Each structure stands twice: as C-alpha cells, then as structure tokens.
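Subject: Structure for your review

Dear colleague,

Please find below the structure that I am handing over to you, together with its sequence. My findings follow it.

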Amino acid sequence: GISANGYADPYTAGDVTIEAQYYDLKIDGEAVSPANRMNILDGTFSYDSETKTLTVLKDYEQGMPVPLVRSSIDGLKIVVKDDVTLKTKGVAFELWADTVITGGGTLTVEAAADRAIYIENGAKLSLTGVKLDAEGVSCGILAANTGSKLTITNADLKARGSTTAVTGFAASNGIVWSWDAKLITPEGGKVGSGVIVDSAGKAAKEVYIHSVIKYGIDIDNTTVTEENMDDVLGDGVFAYDPKTNTLTIKDDFTAQSGAAVSNNTSDGLTIVIEKDLTLDHVEWITAPSLVLMEDTTITGPGSLTVKAPEYNSGILVYKDLTLKDIDLTVTGGQEAITGAFSSKLIVDYAVVRADVNNEWNSPVRSFAGGIEFKGTTIKDPAEGKVKDGMIVTAEDGLPAAVEIGLTPPEVEILSVVGDLMSYLVSNTPRHGTVCVISAAYDEKGQLLGSFVWEEVPYGEDFIHSIGTVPDAALYKLFLTDYLYVPIAESDAYTP
C-alpha cells in the first residue's frame with residue numbers, strides 16, 4: 001500500500017496492478033523509483049523492489065552533504081559482492097527500518113559527516129557474510145537510543161570515530177555477535193550499555209570484531225571459508241570465488257565423510273565442472289552426493305558423473321536446480337535426482353542421464369515446482385512425460401532410467417514469392433556454428449544447384465528471408481554444422 005510519507009510499493013486494486021511512483025528509499029537525495037532503480041548514480045547502485053535488495057556495485061565519492069542512502073524499507077537487504085569504497089560528505093547510511101548488509105564482499109565507508117552509519121526508529125542492523133569498515137568524524141555507527149540492535153553473524157566489523165566507534169544501541173542485548181566472532185579491538189573490551197567500551201569502561205574509539213567468513217557451503221563436511229576458499233581441501237580439487245558465487249570442481253573426488261558438496265545457504269551458487277570428472281564416495285557414506293538447499297546452477301565445460309550412495313540420492317534439491325550446458329550422469333543409487341518441497345528442475349541445453357536401483361522410484365522425481373525443458377526433450381523412456389513432478393513412461397509407469405537430450409534442430413520453408421523465400425529455423429544449438437544451405441530442383445527432382453549459404457544465429461528460433469531465389473519446381477533447405485555435415489533438412493516446398 002501507500003505509506004504515510006507518500007512513498008509506495010506496487011499494490012493491486014482489483015485486477016489492475018499499480019506501480020509505485022517512489023519507494024521508501026533515497027540515494028544521494030533522489031527518490032528511487034521504477035524508472036531509475038536499475039541504474040542509480042551511474043551504475044553505483046541497483047534496487048530490486050520485489051526482493052527489497054539494494055546492490056552496491058562500485059566505488060562512489062559523494063559531492064554534497066546529504067545522506068547517501070536513506071531507507072525506511074523494512075527488511076531492506078544491502079548486498080555487497082565486491083570490494084567497494086563509499087566516500088561521503090553526509091551520512092553514508094541512514095536507516096529507519098530493519099536492514100541487513102550482506103553479500104560476501106567488503107564495504108568501506110569513509111564519511112566526512114559526524115557519523116558513517118546512523119540508525120533511527122528502533123531499527124535493527126544485521127551484518128552477515130560481509131566485511132564492513134565504517135569511519136565517521138565522531139562515530140562509526142550511531143544509533144539514536146531508540147532501542148535499536150546491532151547483530152553480527154559470520155561478519156567482520158571495523159568502526160572508528162574521534163568520540164566513539166559503536167554506540168546508542170539498546171542497553172540490554174543491543175550489540176551481539178555470534179559465538180565464533182571475537183572482539184579484537186579494543187583489547188579487553190566489552191559491550192557496555194548499548195556501546196562498546198574499552199577495558200577501563202570508556203567508549204572505544206576504534207572497534208574490530210573479527211569472524212572467519214563462512215560461505216554457506218560444505219565440501220565433504222569441511223566448511224568453505226575465506227581462509228580455505230582458494231583450495232578448500234588442500235588437494236587442488238575445489239575452489240570458491242565469493243565475488244561471483246562460483247564453486248569450481250577441477251578433478252575427480254571421492255567423499256570420505258559426507259556429501260561431496262552441500263550448498264546450505266549460498267543462494268544463486270554456480271557449480272562449474274572444469275573438466276570431465278566423477279564425484280564418488282567411500283562405501284559407507286549414506287548422505288546424498290550433492291545436497292542443494294538453495295538455488296543452484298551446475299554447468300560445464302566438463303561433464304559430470306555422480307555416483308550416488310546405494311540407499312540415497314545422487315542429487316537432492318530443496319529449491320531450484322538449473323542444469324545448464326552440462327553433460328550429467330547420475331547413477332547407482334536408490335534415487336538419482338530428487339526434489340523436496342516446492343523445488344524445480346530446469347534442464348537448459350543440458351544432456352542428462354539418470355538411473356536408479358529401486359523399481360519404486362523414478363530417477364527424476366518429486367519436483368513439485370515442475371520440470372522445465374529449454375532446448376531439450378525426454379529421449380528415454382520413449383514418449384516419456386512429466387507427471388506430478390516426476391518423469392514417467394507414456395503409460396505413467398516408473399522408468400529404471402531417464403535420458404534427456406537436446407531437441408533436434410528443425411528448418412521449414414514458409415513461403416516462396418518471386419525471388420523471396422522466408423523460412424523458420426527452430427531449436428538451434430546454443431554453441432557452435434549452424435549453416436543453412438538452400439537448394440533448387442527441377443520437376444524430376446534433379447538438383448539445379450545451391451543458391452544461398454547462410455550462418456544461423458545459435459540458441460534461438462528465428463524467421464529469415466532471402467531474396468536471391470531462382471525459378472525452380474521445388475526447394476529444400478539443409479542445416480549443417482561448421483563442417484557442412486547435414487543435421488536437419490526441410491520438407492520439399494513447391495511454389
């Protein structure tokens with residue numbers, strides 16, 4: 001609905017959706033609106049109104065003394081994926097509602113104002129999975145003594161000011177951090193009445209609370225952290241890049257104690273298979289090979305074989321799994337690729353083979369959110385289909401094996417008028433070069449010759465016209481690969 005201060009989020013009146021004119025968010029004094037939300041301050045920020053996510057994309061130096069970010073959006077998520085520095089004349093962040101700063105990057109705030117971050121209206125500021133360095137003239141982070149709280153979970157905080165570093169929070173439990181974080185500076189410091197104090201009980205002018213950042217991913221029961229992310233297990237197989245949220249698997253791996261990969265909290269993770277490889281397990285492992293509790297994409301260039309535990313799944317999916325440009329085989333388990341809750345499987349130009357050793361399970365099942373095919377089709381079982389979130393036979397039976405392959409490309413002549421031919425190309429492969437060769441024939445079907453050769457855009461369907469068509473009794477089109485090997489042909493067309 002529309003808020004008292006005149007700002008609004010989209011709302012629905014009957015069957016008509018009315019887009020907000022402005023959100024409860026100002027950047028450098030300008031209200032954020034649907035018109036400017038994707039490109040704010042020349043690409044410094046972008047805002048997603050559906051998820052209430054403000055992404056900080058690059059460094060910025062402010063020219064006027066107003067709050068750089070002023071928010072009254074309850075549940076605002078400020079995401080920092082890279083190392084970003086904001087130099088401000090005014091307060092960098094003025095927050096009037098609960099806000100989370102996250103994203104895996106480092107946010108440095110250098111404010112020429114009295115404080116770098118100001119919190120009003122009893123709002124809660126949560127730091128999670130991020131490093132924040134906030135410096136103001138007098139104070140780093142100042143709350144307005146209205147019951148606000150600061151929570152630090154899996155995050156680093158540095159704050160500085162000439163008077164105090166962190167102050168003004170609720171007197172009881174106003175500043176808390178997780179058990180694995182440690183107050184490094186001031187030495188011997190503690191939380192006083194809503195303020196961090198030194199060993200003598202005076203307000204600390206500099207604060208450093210340190211956590212080893214964890215990225216919500218486990219490899220064979222080893223948590224991926226900022227300390228081990230370049231080589232998680234020390235064997236050169238797994239590497240994680242928090243800036244792109246990408247886990248790269250570089251070689252074969254045999255799990256010794258649990259799931260080879262468990263994505264616990266890393267939403268939007270991409271798993272890159274660097275070369276053809278296999279994920280296996282020692283025989284006593286019962287956990288699924290991959291446990292994906294957040295949206296995940298698995299992609300090439302290599303192919304992936306997953307050897308599932310005998311009595312479990314090869315891949316267990318809790319949200320959305322996208323298989324993109326990957327050749328995937330899942331074999332050997334009681335289950336192969338299994339969804340949970342409202343999970344969804346998207347097969348995007350991928351080849352998938354899956355089998356099970358249990359006649360009561362489909363190899364691909366329990367995707368209540370559906371199974372979507374992009375440039376792909378079910379090849380085995382023949383005439384297989386999706387029913388109730390699983391792949392079944394034409395007779396609704398449970399197949400022992402499933403194969404999903406690329407949809408064959410097609411070409412069709414739509415019309416020939418004078419010397420103008422229009423044609424449709426469908427299901428072209430996403431990668432590589434596909435060519436169209438046009439041929440003309442006489443009444444006896446004898447080839448008169450090829451009159452047009454064209455390169456086809458890949459990964460899309462398109463209608464095209466050519467204007468150099470000779471007179472002939474009939475025409476055909478051929479799709480070839482880059483070596484001119486035919487991969488599809490049209491039906492004969494008689495004008």
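Contacts between residues 24 or more positions apart make up 60% of those in the protein chain that have a separation of 6 or more. Please bear in mind that this is a predicted model.

The overall fold comes next. The protein chain contains 55 strands and 0 helices. Its radius of gyration is 29 Å, well over the 23 Å that the globule rule gives for 495 residues, so the protein chain is more spread out than a compact globule. The C-alpha trace spans about 100 × 60 × 45 Å along its principal axes. Of the 495 residues, 50% count as buried. The area that the protein chain exposes is about 22,500 Å², and 48% of this is supplied by carbon and sulfur atoms.

I then turned to the pockets. The largest pocket holds about 780 Å³ of space. Its lining consists of 27 residues, and those that lie nearest its centre are T102, G103, T265, S266 and D267. By class, this lining comprises 15 polar, 6 charged and 6 nonpolar residues. Several strands contribute to the lining: β6 (53-56), β9 (76-80), β12 (99-102) and β26 (214-219) each supply at least two residues. The largest share comes from β26, with 5 residues.

As for enclosed space, the structure holds 1 cavity of 30 Å³ or more. About 30 Å³ of space lies in the largest cavity. The residues that line this cavity are A255, G258, A259, A260, D280, H281, I285, A287, P288, S289 and P309. Sorted by class, the cavity lining has 7 nonpolar, 3 polar and 1 charged residues.

Three individual residues were also examined.

T164 lies in strand β20, which covers residues 164-167. With a relative accessibility of 8%, T164 counts as buried, because the cut-off for that class is under 20%. Apart from its neighbours within four places in sequence, T164 is in contact with S138, C139 and G140, with V195, and with A203, A204 and K205.

T393 is placed in the loop between β47 (390-392) and β48 (401-406). Is T393 buried or exposed? Its relative accessibility is 16%, so T393 counts as buried. When neighbours within four places in sequence are left aside, the contacts of T393 are P381, E383, K385 and P399.

P301 is likewise found in a loop, the one between β35 (296-299) and β36 (304-307). At 72% relative accessibility, P301 counts as exposed, because the cut-off for exposed residues is over 50%. Which residues does P301 contact, leaving aside its neighbours within four places in sequence? They are V272, I273 and E274. The C-alpha atoms of P301 and V347 are 16 Å apart in space, while the two residues are 46 residues apart in sequence.

To recapitulate the points on accessibility, T164 in strand β20 and T393 in the loop between β47 and β48 count as buried, whereas P301 counts as exposed. As to the spaces, the largest pocket is lined by 27 residues, and the largest cavity has 7 nonpolar residues in its lining.

Yours sincerely,

A colleague

Methods:
Residues are numbered from 1 along each chain as its sequence is written. This is a predicted model: local features need pLDDT of at least 70, side-chain atom pairs count only at pLDDT 80 or more; totals for chains, interfaces and linings use all residues. Side-chain values use heavy atoms; hydrogens and water are left out. On a 1 Å grid over the protein atoms alone, a cavity is a set of points where a 1.4 Å probe fits but cannot get out, and a pocket is an open set with protein on both sides within 12 Å along at least five of seven lines; lining residues have an atom within 4 Å of a point. Grid points are joined across faces, edges and corners, and a volume is the space filled by probe spheres set on the points. Helices (H or I, at least four residues) and strands (E, at least two) are DSSP runs, numbered from the N terminus. Ala, Val, Leu, Ile, Met, Phe, Trp, Tyr, Cys and Pro count as nonpolar, Asp, Glu, Lys and Arg as charged, and the others, Gly among them, as polar. The radius of gyration is taken over C-alpha atoms; the globule rule is 2.2 Å times the number of residues to the power 0.38. Buried means under 20% relative accessible area, exposed over 50%, partly exposed in between (1.4 Å probe, protein chains only). Contact means heavy atoms within 4.5 Å. Accessible areas come from the Shrake-Rupley method with a 1.4 Å probe; for residues, only the protein chains shown count as cover.
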